[in-house]
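Morning, everyone. Please bring up the model on your screens. I'll talk you through it piece by piece.

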Amino acid sequence: MTAYYTDWLDNQILNAEPAYLSDSQPVGALAPYSVLDLTGEIGQICGRTLAELGALVVKVEPPGGDPVRSVGPFLDQAGPTDASLLWQVLNLNKLGITLDLDHPDGPALLSSLISQFDLVIDSFQPGYLTERGISFEALSQVHPKLVWLSITGFGQEGPYRDYVWSDLVGLALGGQLNLWGDEDRPPVQAAVAQAYYAASQGAAVGAVAALYHARKTGCGQFVDASMQELVSFTAGGPGGITCHWPMLGRNITRSGPALRIDKIRTRILYECRDGYVAMASPWSPTKMPKIVKAMARDGAAGFLEDPKWAYATRSEPIAGMWQCTPEDAEAVEALIGDWVKRYSRDELLGLAEEFGLMIFPVRTVAENLQSEQLRARNFFQTVHVQEPDISITVAGPPVRLSLTPASVRSRAPQIGEHNALIYGRAGLNEANIEALASRGVI
Amino acid sequence: MTAVEKATKPEGISESHDHSPLSGINVLDLSWVAAGPLCGVLLSYFGATVVRVESAYRLDTARSSPPRMRGEAGINKSGYFGALNLGKYSVCLNLNNPSGLEIAHRLVDWADVVIQAFRPGMTKKWAMDYESLRERKPGIIVLSLSLQGQTGPLAGLRGMGFQVHGMSGMASLIGWPDRAPSGFTHAYPDYVVPLPAVTATIAALDHRDRTGEGQEIDVAQMEVMLNAAGAAVATAAAGLPEVSRSGNNLLAGGEVRAAPHGAYPTRGDDRWIAISVFNDRQWQSLCTVLGNPVLETDPRFQTLPSRALSLDELDAHLAQLTADWDGRELMERLQAAGVPAGVVLDQQGLFEDPQLQARGHFVPIEHPEWGQYPAETFGARPRVTPPTIQRPAPCLGEHNELVVRHFARLSESEYAQAIVDGGVEFYGAD
């Protein structure tokens with residue numbers, strides 16, 4: 001059944017201009033799998049990731065369209081419900097159907113579709129689906145290999161089971177918000193939803209693990225993904241930051257442009273002539289002499305020319321090193337900072353290469369559009385969005401597979417674009433589908 | 001696993017559930033510090049057997065990174081290393097020694113997946129580049145992590161997580177519009193990159209099982225972070241005003257999506273609560289909970305569009321009101337009224353959080369040098385085959401004999417010879 005859809009996709013190509021592909025359409029690693037995607041904003045990247053890896057992903061929306069379609073910015077020239085760049089980016093490669101789960105006949109219709117799919121993903125509040133008579137237990141009786149992934153703020157059970165979430169709340173309760181910002185201001189988010197990214201990408205790991213297991217054993221299962229827990233992973237792995245508490249009884253909190261471990265602050269961000277650079281800690285016998293050499297060439301090394309500074313450390317000294325005071329460190333960082341200010345980011349990148357320094361420019365996302373490296377790798381993909389020639393440029397998949405490439409094949413679906421196809425496969429004819437539509441079920 | 005293998009399994013090998021998704025999958029982890037090793041942790045959570053190859057002379061810098069258990073010195077005391085290597089075995093090999101390299105190659109024979117993060121071009125001398133590995137074992141899957149990718153003019157550039165954070169543009173998205181970026185407290189990319197990398201790895205294993213074909217997975221940290229930047233790439237490419245750091249305002253194409261939306265002070269030192277109000281019903285609920293008539297009746301704040309015009313005043317008013325509240329209590333009251341709200345948790349807060357406790361997020365394990373310790377499991381939970389912590393992070397070279405004899409299949413005398421030849425290393429041995 002899935003082969004039918006993928007053949008269909010290959011034939012249609014859905015208006016995409018796959019500039020990155022050579023001749024043939026490569027088959028993705030997840031090509032045998034089909035996915036029904038019922039998620040909201042928290043979970044839509046999960047489906048996109050699986051679709052990039054080759055799965056057939058069908059996005060389900062209410063008849064009026066998914067709320068993400070109303071989130072700007074908007075591509076002026078595109079149709080009103082397809083113009084949201086966020087909607088496009090989160091839902092590339094997916095097919096689209098409509099279904100109203102709040103309509104009395106909606107849940108039964110959903111259940112009738114499920115046998116066509118290997119994986120269902122949702123992000124409803126716990127209880128929403130069971131209240132509508134949709135139970136994984138019942139569905140898996142007739143579809144034993146079914147994997148159902150539920151992505152929620154906090155998981156299916158527990159004291160926060162009924163909590164409502166947002167990306168900001170996910171960052172807060174996941175321990176990430178605490179780590180970002182300046183010390184004299186509130187903790188701060190990123191301008192792009194990172195808790196949702198963690199939730200979606202973390203959930204995808206669980207989904208493919210469960211699908212892998214189902215293929216080998218014939219047994220599907222329910223996967224319960226919690227944004228809170230997955231954010232805690234992106235805030236330091238399984239305890240890389242969190243373990244400061246059980247091990248030392250202390251907390252790491254936001255520290256602006258510096259890395260702060262306990263009382264030691266090591267500056268990372270330096271202002272330069274045209275912006276900022278990030279510099280690795282120079283405090284080591286391999287690193288300090290290199291930056292001193294670069295500064296000395298400009299006569300800017302000052303007291304750092306004393307070779308003792310190669311053996312200075314901020315933390316407890318081990319053999320051969322000596323610990324410098326916080327005042328010393330500030331003076332060193334100020335001296336380095338003055339030198340860095342003379343140069344632009346590109347000049348500093350050149351100096352970094354010349355002297356073996358660990359200095360990297362801080363760029364904006366937009367500046368990366370010009371990156372020689374990213375362009376050489378065809379990282380940016382052009383996706384045709386609407387006739388005649390309305391296109392967008394998106395960041396490509398986050399991974400490259402040599403044999404079964406991940407790929408962006410098509411734009412996000414239009415509302416109900418594939419109702420005929422998908423409901424047709426479920427045995428409904430055109431008249432049935434029209435009737436459902438006129439009653440508002442789809 | 002065959003009956004013979006099971007019967008001859010030596011002491012010290014702990015089992016994942018036999019029915020874990022990746023039970024029977026072997027992973028050779030040649031990477032170090034953060035992003036690569038975390039990929040190994042994720043695979044271990046789902047049942048793979050993961051071997052970390054280390055050097056006894058050139059220690060992984062993570063081993064000397066704080067925090068160290070009780071502040072004690074020692075190469076096995078780092079909680080940072082511990083988090084990045086949960087669930088793995090450790091073997092010390094000298095890859096620049098023919099005997100050590102031979103063992104590494106035999107471990108490739110044992111492995112289904114190799115994780116490596118060497119600079120592109122560095123592995124050829126060891127015949128550990130993808131082409132050589134594929135020749136040796138056609139179905140091998142190699143997960144290659146790097147800053148900028150295996151190809152392209154800048155492929156050889158070195159870098160660390162927080163440098164990718166800056167270069168990719170992600171760091172520029174964090175902070176306040178009137179100030180420098182302010183999100184460098186930790187190397188955020190190191191903890192994001194492993195997620196799509198491992199999803200692709202499991203997909204590649206699936207493909208291999210069906211076709212016998214392995215492949216290389218090329219993960220560039222830069223590319224993951226740009227993928228994580230959501231619609232920012234598309235926005236800039238479309239010539240629209242760029243997405244840029246905006247404090248805690250939730251903006252979409254210049255429009256305010258939620259107001260109030262931010263982190264507000266609560267009682268105590270440096271205590272905050274995140275509150276996000278997306279519609280007027282939530283706003284009314286917020287006002288009811290806070291019980292402040294001025295807030296409720298101020299005409300500037302009645303609707304989302306009008307609140308959007310007075311964000312600074314709104315935030316200032318709200319901050320004055322929330323400051324009197326205990327953060328947890330306010331969160332509970334707001335959530336009960338259907339308002340998205342969450343206490344900003346620090347590490348102690350995470351440990352004490354009732355939901356994380358209910359989820360079993362912290363799992364007590366026994367570490368040889370730390371004693372009993374709360375490790376952390378993974379937040380995507382298949383119910384039948386949940387993530388497991390197979391073992392604590394390894395001590396350096398803790399499993400030399402086990403790995404070399406039973407995975408690389410050297411005989412007892414071959415193993416002894418490998419030690420004499422310097423292929424297998426022991427820390428502190430002269």
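Start with helix H13 of chain A, residues 345-355, which lies across strands S9, S10 and S13 of chain A. H13 runs at about 160 degrees to S13(A). Helices (H or I, at least four residues) and strands (E, at least two) are DSSP runs, numbered from the N terminus. For angles, axes are lines fitted to C-alpha atoms, for helices over the stretch in contact, and values run from 0 to 180 degrees between N-to-C directions. Contact means heavy atoms within 4.5 Å.

Two housekeeping points. This is a predicted model: local features need pLDDT of at least 70, side-chain atom pairs count only at pLDDT 80 or more, and totals for chains, interfaces and linings use all residues. Residues are numbered from 1 along each chain as its sequence is written, chains are lettered from A and ligands numbered from 1 in the order in which they are written, and side-chain values use heavy atoms, with hydrogens and water left out.

Back to chain A. Helix H12, residues 326-340, also lies across S9, S10 and S13 of chain A. Its direction is at about 35 degrees to S9(A).

Now the sheet under those helices. Its 3 strands form an open sheet in the order S9-S10-S13 of chain A, with antiparallel pairing. Two strands pair if DSSP finds at least two bridges between them. Which strands stand at the edges? Strand S9 (269-272) and strand S13 (359-362) of chain A do, each with a single partner strand, so one side of each has no neighbour in the sheet. From one strand to the next, the twist averages 35 degrees. Strand S10 (residues 275-279) and S13 of chain A are joined by 4 bridges. There, A:Val277 stands opposite A:Pro361.

Next sheet. This one is open too, with 7 strands and mixed pairing. The order is S3(A)-S2(A)-S1(A)-S4(A)-S5(A)-S6(A)-S14(B). The edge strands are S3 (95-98) of chain A and S14 (380-382) of chain B, and each pairs on one side only. Here the twist averages 20 degrees from one strand to the next. Inside the sheet, S4 (residues 119-122) and S5 (residues 147-152) of chain A are parallel, over 4 bridges. A:Ile121 has A:Leu149 as its bridge partner in S5(A). Helix H9 of chain A, residues 227-234, packs on this sheet. H9 touches S5 and S6 of chain A together with S14 of chain B.

So how do the chains meet? 140 residues of chain A are in contact with 160 residues of chain B. The area buried between them is about 12600 Å², and carbon and sulfur atoms give 64% of that. Buried area is the accessible area (1.4 Å probe) that two parts lose on being put together, summed over both.

How many salt bridges are there between chain A and chain B? The count is 13. A salt bridge is a side-chain nitrogen of Lys or Arg within 4 Å of a carboxyl oxygen of Asp or Glu. Find A:Arg215 and B:Asp209: their side chains meet in a salt bridge at 3.0 Å, N to O. Helix H8 of chain A (residues 194-217) gives the most to the side of chain A that touches chain B, with 15 residues.

Strands cross over as well. S16 of chain A, residues 400-401, pairs with S6 of chain B, residues 215-220, in the antiparallel sense over 2 bridges. A:Arg400 has B:Asp218 as its bridge partner.
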